Amino acid sequence: MGRHPLSLVMVVLAIMLLPYGYTWKEYRIRRSIDLSAANPLISDTKLPTDLVPSGYSLHLHPVLDRSIFSGRVNITLLCAKATNQINLHAHHDLTVDELELEVVRIGGAEGGAKVPIRRVDRVPKKPLLVIYFHDALTAGAAYEVRLRFVGNIWENVEGIFEGKYKQQQQQ
């Protein structure tokens, strides 16, 4: 009988120490380390499945003597689930021209209509660009993201990079 009050006190303390509204499992998951934030070599490859890409049109213009490039991309997306944001992979060094960025609905009665953008953010410590909208994108509709960008040509194998090699001389 002496052990039961002690066990009861331990359970009550454990419940009081957990943040309000979380189960032990939820609390443990929330407290776990985000390895992608702790280690920059771990990439975030999974994007939300609310939008499914169906086509890309990419134009790159490298300026090799200055080790930079510029370009533009049009990404066609099908909205599988209503959402008010688009998540895109974007290298931390890539500069996206937010003034030229536009999202256009394609097809249907509203085809060609620009979707008003609320803001554009970068996710800290992750290679993600997030475009937020005032209203949710419509499930089942197709959209096209149009953006321009500039960046550096790297010497290491990250982003767009310059590879160098020496040819062996024939004897």
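## A guided tour from strand β1 to the salt-bridge network

Begin by selecting Leu 58, whose place is in strand β1, the stretch of residues 51-63. The model on the screen is a predicted one, and what follows should be read with that in mind. With a relative accessible area of 56%, Leu 58 is exposed, because the cut-off for that class is over 50%. Now add Leu 60 and Ile 160 to the selection and show a surface: together with Leu 58 they form a nonpolar patch, for which the accessible area amounts to about 250 Å².

**The whole chain**

Before going further, switch to a cartoon of the whole chain and colour by secondary structure. Three helices and eight strands are present, and, read from the N terminus, the order is α-α-α-β-β-β-β-β-β-β-β. If the display is then coloured by accessibility, 23% of the 171 residues of the chain count as buried.

**The sheet of β3, β7 and β6**

Select strands β3, β7 and β6 next. These three strands make up an open sheet, arranged in the order β3-β7-β6 and paired in the antiparallel sense. The edges are taken by β3, residues 83-89, and by β6, each of which pairs on one side only. Looking along the sheet, one finds that neighbouring strands are turned against each other by 20 degrees on average, when direction is ignored. In general, strands of a sheet pair through backbone hydrogen bonds, in either a parallel or an antiparallel manner.

Zoom in on the contact between β3 and β7, the latter spanning residues 128-137, where six bridges hold the two strands in an antiparallel pairing. Which residue of β7 is the bridge partner of His 89? Selecting His 89 and following the bridge across leads to Leu 128.

While β6 is still in view, pick Arg 119 and Asp 121, whose side chains meet in a salt bridge with an N to O distance of 2.6 Å. Arg 119 is partly exposed at a relative accessible area of 37%, and Asp 121, at 27% relative accessibility, also counts as partly exposed.

**The loop between β5 and β6**

From β6 (117-122), move back along the chain into the loop that separates it from β5 (102-106), and select Glu 110, which lies there. This residue has 48% relative accessibility and therefore counts as partly exposed, the limit for exposed being over 50%. Draw a distance from the C-alpha of Glu 110 to that of Ala 141: the two are 9.7 Å apart in space, although 31 residues separate them in sequence.

**β5 against β8**

Continue to β5 itself, which is mostly covered, with four of its five residues buried. Strand β8, residues 142-152, runs antiparallel to β5, and five bridges join the two. To see one position in this pairing, select Val 104 and look across to Glu 144 in β8, which stands opposite.

**An aromatic pair**

Stay with β8 and select Phe 149 together with Phe 69. The structure has one aromatic pair, and it is this one: the ring centres of Phe 69 and Phe 149 are 6.2 Å apart and the planes stand at 65 degrees, so that the arrangement is edge-to-face. Because Phe 69 belongs to strand β2 (residues 68-79) and Phe 149 to strand β8, the pair ties together parts of the chain that are 80 residues apart in sequence. Are these two rings' residues buried or exposed? Phe 69 is buried, with a relative accessible area of 8%, and Phe 149 is likewise buried, with 9%.

**The salt-bridge network**

For the last stop, show the charged side chains; a search of the whole structure finds four salt bridges. Select Arg 146 and Glu 102, whose side chains meet in one of them at 3.2 Å, N to O. This pair links distant parts of the chain, since Arg 146 sits in strand β8 and Glu 102 in strand β5, 44 residues apart. At 28% relative accessibility, Arg 146 counts as partly exposed.

Keep Arg 146 selected and add Glu 144, with which Arg 146 forms a salt bridge whose closest N and O atoms are 2.6 Å apart. Glu 144 has 14% relative accessibility and so counts as buried, being under the 20% limit. Finally, add Lys 114 to the view: Glu 102, Lys 114, Glu 144 and Arg 146 are joined into one network by salt bridges that share partners.

Definitions and conventions
Residues numbered from 1 in each chain as written. Predicted model: local features only at pLDDT ≥ 70, side-chain atom pairs only at ≥ 80, totals over all residues. Heavy atoms only, no water. Buried < 20%, exposed > 50% of the residue type's maximum accessible area, 1.4 Å probe, protein only. Pairing = 2+ DSSP bridges. Axes fitted to C-alpha atoms, helices over the stretch in contact; angles between N-to-C directions. Patch = residues over 30% accessible without salt bridge, like charges linked within 9 Å, V, L, I, M, F, W, Y side chains within 5 Å. Areas by Shrake-Rupley, 256 points an atom, 1.4 Å probe, with all protein chains shown as cover. Phe/Tyr/Trp six-rings, centres within 6.5 Å; stacked < 30°, edge-to-face > 60°.
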